[in-house]
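Trainee: Please give me a close look at one part: the salt bridges. Start with a single pair, and then show me how the rest of the chain fits around that picture.

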Amino acid sequence: EGMNEVVKVKAKTKNTVSALNIQDLVLNIGTSTEVSGDFYLPDFTNLDSIQFNQLIASYNIAVDDIESVRLPYSASKDYIEINNSVKGLNYVKGKNLLVKGKLHDLTIEPHHFFTGIGNVNFTEPLLMTSDSTFTTITIIPQGKGVRPIYIDDFDISKLTSSNEVGHVNGKVGLKKFTLKNNVIKTETVNGIFRKTEVFGYPYEYIFVDKVDYSLDQNVKNGINSIDGMVYVRDDNLDMTFNGAASIGKQTQVNAVIDLECAHLSMIHPSLKDRGEMYAKMKVYGNGASFKELYGQIDIDTLYYSENDENFSLEDFSAEITRTLEEDILDIKSNIVDAHLQGKIDIELFKDNMMYQIANIFPAFFPVRREVADLQSKFEYKVDVKSVNPILEVFYPKLQIADSTVIDGSYNGENNNFNLNATSKFVTFSV
């Protein structure tokens, strides 16, 4: 009682209405949903007790049509509510779909199915369980991920609130997939992806080994988390990632990154003017925002080239701690050692520094307005060892002699910048 959706049925039938045995059925709901095959149609007034054992010859199910179906008065909700991620599929269609079990504990053999955002081919049965409102759905491959799932031009961005990952192609195995309260989780993913888009760039090969991945869509732009081994093999990026990272409301990373080759201008829009880099590093970071974080990076080796200039780093170590009360930065390397302690507002300090430099060298820099920087107050010391190779790449107008020592302090409240330098030379060319 309460279900009032118009359902068009064409078939040969036997038995009573509450337990129809249907042959050659063609069932239509809404504007485009159609299901065909031979069915035993149960009593839908008690959905939870239904024992399904159906081979659906063909199906074309539209998300909009399913959401328009009114549920019985006995149901906890008036209409079927579909998760936002599932809505992104737009439609699902295929042939020879085998469904066994009860509504919230089904074994499904979907084989090859097509959606509005790409196609998927399953080579093993799936166990799909759900709660009474379908807000939690768990899918477990019955072969425990040994046999692969083939993915063809599947646009992940349509399922998520993020455009970081786009079209995906490849074959994967996984232990479990869970969708709960707009949080997607996959466990123990192994596979190979080809021509898969990340930040708009289609990588030739991406290999994943025992990777756990989750996406929380309950916050703006989502929270992406990954844990495991990822290998990228592409003409513009050859990288191995081993560790864990989470990007979103809070950023966390703990990983070893081996960057064999990266043509930076090709792989991300924000790097369009950058050059080529090789590096091996350990990265650790944890923070809710740039104002409150702890980060550490240890670089074993790094080589960077741009516009026929290059430099290299060895045994580089940087550690930063930022709290609401104090900032501490320590750098140790073969090119420079540095220490900063106090409080710094990066943007305001940068603007004030340009104001100070423009006052000292008005012929070289445009006039700037003084900026109120009430929060910044710190002391610093920099031991320059051999920084000119880096300056040749990023700021060739400036040259600083090796073994230069620079120290001083900054007080943004009274706009006082104190600098002491011991150096054979510092040159700046127009």
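Mentor: First, a term. A residue is buried if its relative accessible area is under 20%, exposed if that area is over 50%, and partly exposed in between. Keep in mind that this is a predicted model.

Now the pair. Lys158 forms a salt bridge with Asp155. The closest N and O atoms of Lys158 and Asp155 are 2.9 Å apart. Is Asp155 buried or exposed? Asp155 has a relative accessible area of 7%, so Asp155 is buried. Lys158 is another matter. Its relative accessible area is 47%, so Lys158 counts as partly exposed. The salt bridge therefore joins a buried Asp155 to a partly exposed Lys158.

Asp155 has another partner. The side chain of Ser157 makes a polar contact of 2.6 Å with the side chain of Asp155. Where is Ser157? Look in the loop between β11 (149-155) and β12 (167-173). A loop residue need not be open to the outside. Ser157 is at 15% relative accessibility, so Ser157 counts as buried. What does Ser157 touch? Leave out residues up to four places away in sequence, and the contacts are Ser162, Asn163, Val165 and Gly166.

Next, the wider set. The structure holds 11 salt bridges. Take the pair of Glu204 and Arg194. Their side chains meet in a salt bridge at 2.4 Å, N to O. Glu204 sits in strand β15 (residues 201-216) and Arg194 in strand β14 (residues 183-198), so this pair ties together parts that are 10 residues apart in sequence. Arg194 has a relative accessible area of 36%, so Arg194 is partly exposed. Another residue joins in. Arg194, Lys195 and Glu204 are linked in a network of salt bridges.

Stay with β14 and β15 for a moment. The loop between them holds Phe199. Its phi is near 50 degrees, a positive value in a residue other than glycine. Why is that worth a second look? Most residues other than glycine have a negative phi. Phe199 is partly exposed, because its relative accessible area is 40%.

Asn307 gives you another case. Asn307 is not a glycine, yet it has a positive phi of about 55 degrees. Asn307 too lies in a loop, the one between β20 (292-306) and β21 (309-322). Here the relative accessible area is 67%, so Asn307 is exposed.

One more positive phi, this time in a hairpin. β26 and β27 form a hairpin with 4 residues between the strands, and Asn415 takes a positive phi near 55 degrees there. How do the strands run? Strand β26 (residues 405-411) and strand β27 (residues 416-422) pair in the antiparallel sense over 7 bridges. For one such bridge, look at Ile406: its partner in β27 is Ala421.

Back to salt bridges, with a longer reach in sequence. Lys385 forms a salt bridge with Asp337, and their closest N and O atoms are 3.2 Å apart. This pair links distant parts of the chain, 48 residues apart. Lys385 is in the loop between β24 (377-384) and α5 (388-394), while Asp337 is in strand β23 (residues 336-343). Lys385 is at 36% relative accessibility, so Lys385 counts as partly exposed.

Now turn from charged pairs to nonpolar residues. The largest nonpolar core has 66 residues. Which members touch the most other members? They are Leu237 and Leu302. Leu237 touches Tyr203, Val232, Leu259, Cys261, Ala262 and Ile267, with residues up to four places away in sequence left out. Another core lies apart from that one. It has 8 residues, among them Leu340, Ile344, Phe378 and Tyr410.

Last, get a feel for distances. Gly30 lies in the loop between β2 (20-29) and β3 (33-41). Gly30 and Leu313 are 283 residues apart along the chain, and their C-alpha atoms are separated by 64 Å. Set beside that Arg70, in the loop between α1 (63-67) and α2 (84-87). Arg70 and Ile80 are 10 residues apart along the chain, and their C-alpha atoms are separated by 7.0 Å. Is Arg70 buried or exposed? Arg70 is at 18% relative accessibility, so Arg70 counts as buried.

Note on methods:
Residues numbered from 1 in each chain as written. Predicted model: local features only at pLDDT ≥ 70, side-chain atom pairs only at ≥ 80, totals over all residues. Heavy atoms only, no water. Core = buried A, V, L, I, M, F, W, Y, C linked by side-chain atoms within 4.5 Å. Buried < 20%, exposed > 50% of the residue type's maximum accessible area, 1.4 Å probe, protein only. Contact = heavy atoms within 4.5 Å. Salt bridge = Lys/Arg side-chain N within 4 Å of Asp/Glu carboxyl O. Helix = DSSP H or I, 4+ residues; strand = E, 2+ residues; numbered from the N terminus. Polar contact = N/O pair within 3.5 Å; in protein donor to acceptor, adjacent residues only side chain to side chain. Pairing = 2+ DSSP bridges.
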